[in-house]
Structure formats: structure tokens, C-alpha cells
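Please open the structure in the viewer and keep the selection tool at hand. The tour below proceeds stop by stop, naming what to select and what is found there.

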Amino acid sequence: MQGKYSFIEQNFTEKQRGYSGASFQYYIDNGVDGKQNGWHDYDSDVNPYVEQLFHEYIANPQLTNRIMTMGAFTYNIDLAQMTQTNVKHYNKTSRKIRRCVKKAQIVGQQPLVSSVSHAPASAVSTSTATSTAITAVATAAPAAPVPQTRTPNERIPYTAPLNMIDIAMSKIVPVTDPISESDNTCVICLSEMTDDEDIVQFDMPDCNHIFHHDCIKKAIQFSKPCCPTCRKPIDEVQGYSPSGTMSISTTKRTCSGFESSIGTIIITYNLPSDTQKQYHPNPGVHFHGISRSAYIPDTQEGKDVLQRLKYAWRKGLSFTVGTSMTTGASNCITWSSIHHKTNMHSGAIHHGFPDANFFRNCNFELDALGVPEASNITTLPQLNQPTAAPSSSSSFSSTSSVSYAGTSNAQTLSQSVAAALRPMTAGGATPSHQQIQAGITILNEIKSKINGHNVSEGYASLSSRFYTVIPHSFGRRRPPVIKTSVVVQSTIDACNYLLQN
């Protein structure tokens with residue numbers, strides 16, 4: 001049927017030579033299977049097949065991605081980006097590859113090769129191949145015709161912050177006005193605030209809630225960067241992407257459905273292997289690096305989307321670390337919620353073009369993340385600078401704790417739980433298990449109300465019931481209304497502690 005099938009053009013000269021004019025190598029950067037970091041040769045029986053795919057790509061530019069099986073693994077070979085991705089492994093490991101063209105051999109010398117791939121120059125000049133018959137040299141032969149059409153344009157680094165505390169705390173300002181009696185309780189630790197303490201608030205409109213400096217610093221570390229009382233976000237959204245680079249280039253080849261454009265903008269994201277930060281699901285756990293490419297039609301609308309994607313990249317919004325929705329693998333880098341096209345053809349169902357809704361969908365998702373319109377972006381967000389690891393005296397960590405001996409068994413508790421325990425056990429009195437169970441029931445009602453469930457009773461009335469069931473000693477201070485998730489959870493934890501001791 002016309003238009004349904006097309007012939008793959010062949011290079012018959014290379015075919016007659018048995019596709020033996022070059023050797024392919026892949027780059028190891030994580031010492032997998034005990035291999036030394038550096039360039040390694042493809043198996044000799046696989047190499048001619050990869051060389052065949054390369055020549056078919058040169059003659060047929062649309063054949064950028066080919067599937068190839070090597071032993072027990074299956075790889076997606078991207079000949080435009082010069083990468084191989086293990087599509088069967090749950091981590092979807094992606095590695096750089098390169099093609100080494102063999103030069104004429106002089107008798108008594110080892111044959112030399114020249115790299116024509118997109119591998120990093122540092123890797124070419126500092127790493128050696130495992131085979132003694134092939135040696136990579138830094139002088140590159142002329143690149144293949146199709147890659148020459150790519151014009152390098154821009155490289156944008158992103159450094160992931162060690163934690164979100166420093167970013168959020170930059171929006172904290174001291175409270176200079178006298179504290180009123182109606183607003184003198186820190187909702188985080190439930191303690192009274194006085195004018196001689198370090199009391200702060202957020203420097204943002206429509207939010208005048210105040211807290212102890214150390215309390216809000218801890219609350220920010222273990223929750224989203226927002227006001228614990230009104231939940232108003234602090235400044236712009238900061239994403240959880242790992243560190244990496246966003247490289248931008250152009251090609252004269254066009255995406256399907258955009259043949260009238262002047263070409264295609266190619267975005268290449270490279271995120272190296274690293275360990276998860278404090279704000280990732282499993283801090284300290286290793287994750288593998290990835291390389292991903294995305295394509296945008298080179299039109300004015302495409303340039304506007306590119307400007308917004310660059311802004312999103314510098315805010316850490318393009319990727320995250322978590323569980324892959326495709327493979328179910330955990331502790332891996334995944335796309336965030338921003339629409340990207342990873343294929344110039346193949347249709348929308350395969351994340352490619354043509355797709356008449358691409359610009360609309362991408363702009364909608366960027367709007368939802370608070371990324372400004374392209375016309376309002378004059379400069380990119382400042383690059384996050386690595387900061388020293390927080391010290392125990394200046395910031396909280398997940399193990400920040402205090403010793404509490406309000407009951408017979410001394411135990412190490414978090415500061416917020418210890419603060420909730422003090423008024424429950426003042427003077428040595430301890431509520432009975434029956435009182436505690438009734439109190440937890442009321443706290444769960446408050447929790448349901450905070451989460452948006454239909455609870456008709458107000459926070460003040462629910463709090464009053466809780467303080468009646470479990471007597472508290474606040475001295476001359478008014479009992480605080482329990483209305484934030486931080487206070488509710490700390491109080492529940494305190495009750496559970498009393499049940500176990």
C-alpha cells in the first residue's frame with residue numbers, strides 16, 4: 001500500500017566489506033560488574049550489525065532509534081544522540097557510545113582509530129579502550145553527514161540544592177512589632193512566644209503568621225516550603241531535579257507535521273549518577289544517571305516554549321527521583337509533569353510528532369508550575385550554589401531530637417513531640433490509657449477536617465474537647481487551637497508515646 005511502507009536505503013559498498021570499517025564502544029561511568037570506568041569495545045560478533053545500523057541511519061535520517069539484542073539484554077540504540085539504553089533492565093540504564101573509524105595500519109604499529117561520536121571530549125582524551133587492538137585518539141575524523149546539521153547553541157547547568165531549607169529561609173524576616181496576647185503561641189511547638197525570643201515571619205503578601213525561628217526551620221525541612229498555618233507557598237516553586245546539564249542545539253531536519261518550519265530544536269538533558277538528597281524519597285540512596293533528548297519544532301511558538309523550559313530547568317522542575325510509572329522501578333530519575341516529545345516522528349501515542357496539541361499541553365503544564373510566560377522571562381533563575389552540609393547547631397536533621405524523661409522510661413524524642421508531651425504530664429500526672437485513646441479519636445477528627453473531609457465541628461470546639469479529655473497544664477497561657485497537620489501529628493505521636501510507656 002502506497003505510503004504505508006518504504007524501502008531502507010543501503011550502503012552497498014560497506015555491505016560488501018562486511019561492515020568492518022569501524023568499531024563501536026560504550027562508556028562505563030559507574031564500575032558496573034567490576035569493569036574499569038572508561039570506553040569498552042562491543043563484542044566482535046555484534047559490532048558489524050551496529051555498523052550496519054549506522055550506515056542505514058546515514059542513508060535514512062529518520063531511522064534514529066533501532067532496537068538491538070545483545071546477549072540477555074535488549075538495547076535502544078539512538079544513533080542521533082549516540083546512546084544505548086537497556087530497555088529490559090528496570091533502571092533503563094543509558095550509556096554513551098562512540099564509533100571509531102579505523103585508519104590504515106603501518107606495519108609494526110597498532111591500528112589507530114578516530115572517534116566520530118558525541119562522547120564528551122574529556123572521556124575521549126582520558127579513557128582507554130579495553131581492547132589492545134584499538135586505541136582512541138583525540139583527533140577526530142570528520143563527523144557523519146547528519147550530525148553535522150546539528151548546530152550547538154547553548155549549555156545550561158543546574159546544581160541541585162543540598163536541602164530546601166536555605167532557599168525557604170531566605171524569605172524569613174524578624175518580627176519587630178510587639179507580640180499580642182491573642183497571637184503569642186507558636187503553632188509548631190505549642191509554646192508561648194515572647195518579645196525577647198527570635199520570632200520570625202515570611203516576607204510575602206497575605207501571610208502574617210509568626211513562629212519561633214528554629215521551629216519554622218525544622219517545619220520547612222520536613223514539609224513542603226510553605227507557611228504551616230495558611231499553606232501559602234514560599235516564593236516560586238522549587239523542583240526536586242538532580243543536578244545536570246541542559247544542552248540545546250538545532251538541526252535542519254523537521255518534525256512530522258511541522259515540515260514548513262526551518263528545522264528542529266533539540267534539547268539534551270544529561271543527569272549523572274548521584275545519591276538522593278534530603279528532599280528525595282530515600283536520602284543517601286544511589287540512583288543511576290540518564291541522558292534524555294526532546295524535540296521542539298523550530299518556530300516562534302517553539303522558541304517561546306524553549307524559553308519557558310529553560311526557566312523550568314533552572315528551577316529544578318524538569319525531573320525528579322522516584323518510581324518510574326513505566327517500569328515500576330524505584331530510586332530512578334523520572335520526568336516530572338512537563339510535556340516533552342522524545343521522538344521527531346512516530347506520533348503522539350509514542351511521545352512523538354505529529355501532535356497538534358503539543359504546544360497547548362506543554363504551556364498548560366508550565367502554567368500550573370508557575371513558570372512565567374516567555375515574554376516575561378528576561379533572565380534565567382540564579383544557579384543554586386552547593387552549600388556546606390548543615391551543622392547540628394545551625395539546622396535540624398532527620399535525627400534532631402531531645403531527651404525526654406517525663407515518664408518512668410527516658411527516651412529520645414523529636415522536639416515537636418517533646419513539646420506536645422510537656423503540658424500533658426506537667427506536675428508528674430499522666431493520663432490513663434482510656435483518656436489517651438479518646439484523645440487520639442478527637443485528634444483524628446481534626447486531622448480529617450484538615451484533609452478536607454466533612455467534619456461539621458470547628459477547630460476550636462474539637463481542641464476544647466481534646467483538652468477536656470486529656471487535661472493539660474498551660475499555666476496562664478491560653479490553650480492553643482489545634483488546626484495544622486504539624487501540630488496534630490506531633491500530638492498524636494506524643495499520645496502514642498504515653499501509651500507505650
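Begin by selecting K341 and D355, which form a salt bridge with their closest N and O atoms 2.7 Å apart. The term denotes a side-chain nitrogen of Lys or Arg within 4 Å of a carboxyl oxygen of Asp or Glu. This pair links distant parts of the chain, 14 residues apart: K341 lies in the loop between β19 (332-335) and β20 (343-346), and D355 in the loop between β21 (352-353) and α8 (358-368). Helices (H or I, at least four residues) and strands (E, at least two) are DSSP runs, numbered from the N terminus. K341 counts as buried at 2% relative accessibility, and D355 counts as buried at 13%. Here buried means under 20% relative accessible area, exposed means over 50%, and partly exposed lies in between (1.4 Å probe, protein chains only).

A word on the model is due at this point. It is a predicted model, in which local features need pLDDT of at least 70 and side-chain atom pairs count only at pLDDT 80 or more, while totals for chains, interfaces and linings use all residues. Residues are numbered from 1 along each chain as its sequence is written, and side-chain values use heavy atoms, with hydrogens and water left out.

Next, select F353 and P354. A cis peptide bond joins these two residues, with omega about 5°. P354 is located in the loop between β21 and α8.

How many salt bridges does a search of the whole structure find? The search finds 9. To view another, select R99 and E51, whose closest N and O atoms are 2.9 Å apart. R99 belongs to strand β6 (residues 94-102) and E51 to helix α2 (residues 47-59), so that the pair links distant parts of the chain, 48 residues apart. R99 is buried, with a relative accessible area of 9%, and E51 is buried at 0% relative accessibility.

Then select D298 and K303, whose side chains meet in a salt bridge (2.6 Å, N to O). Is each partner buried or partly exposed? D298 is buried, with a relative accessible area of 10%, whereas K303 counts as partly exposed at 38% relative accessibility. Select also E445, E457 and R465, which are linked in a network of salt bridges.

Now turn to the largest nonpolar core, which has 45 residues; I188, F202, F211, I216, F466, I482 and C495 are those with the most contacts inside it. Such a core is a set of buried Ala, Val, Leu, Ile, Met, Phe, Trp, Tyr and Cys residues joined through side-chain atoms within 4.5 Å. Among the elements that each supply at least two residues of this core are α6 (213-221), α10 (433-450), α11 (459-469) and α12 (485-500). The most comes from α12, with 7 residues.

Select P228 and K483 next. Their C-alpha atoms are separated by 9.9 Å, although the two residues are 255 residues apart along the chain. P228 sits in the loop between α6 and β13 (244-251) and counts as buried at 6% relative accessibility.

Two backbone details follow. Y19, in the loop between α1 (12-16) and β1 (22-28), has a positive phi of about 50° although it is not a glycine. L190 is likewise not a glycine and has a positive phi of about 70°; L190 is found in the loop between β10 and β11 and is buried, with a relative accessible area of 10%.

Finally, select D195, which is in that loop between β10 (172-174) and β11 (199-202). At 56% relative accessibility, D195 counts as exposed.
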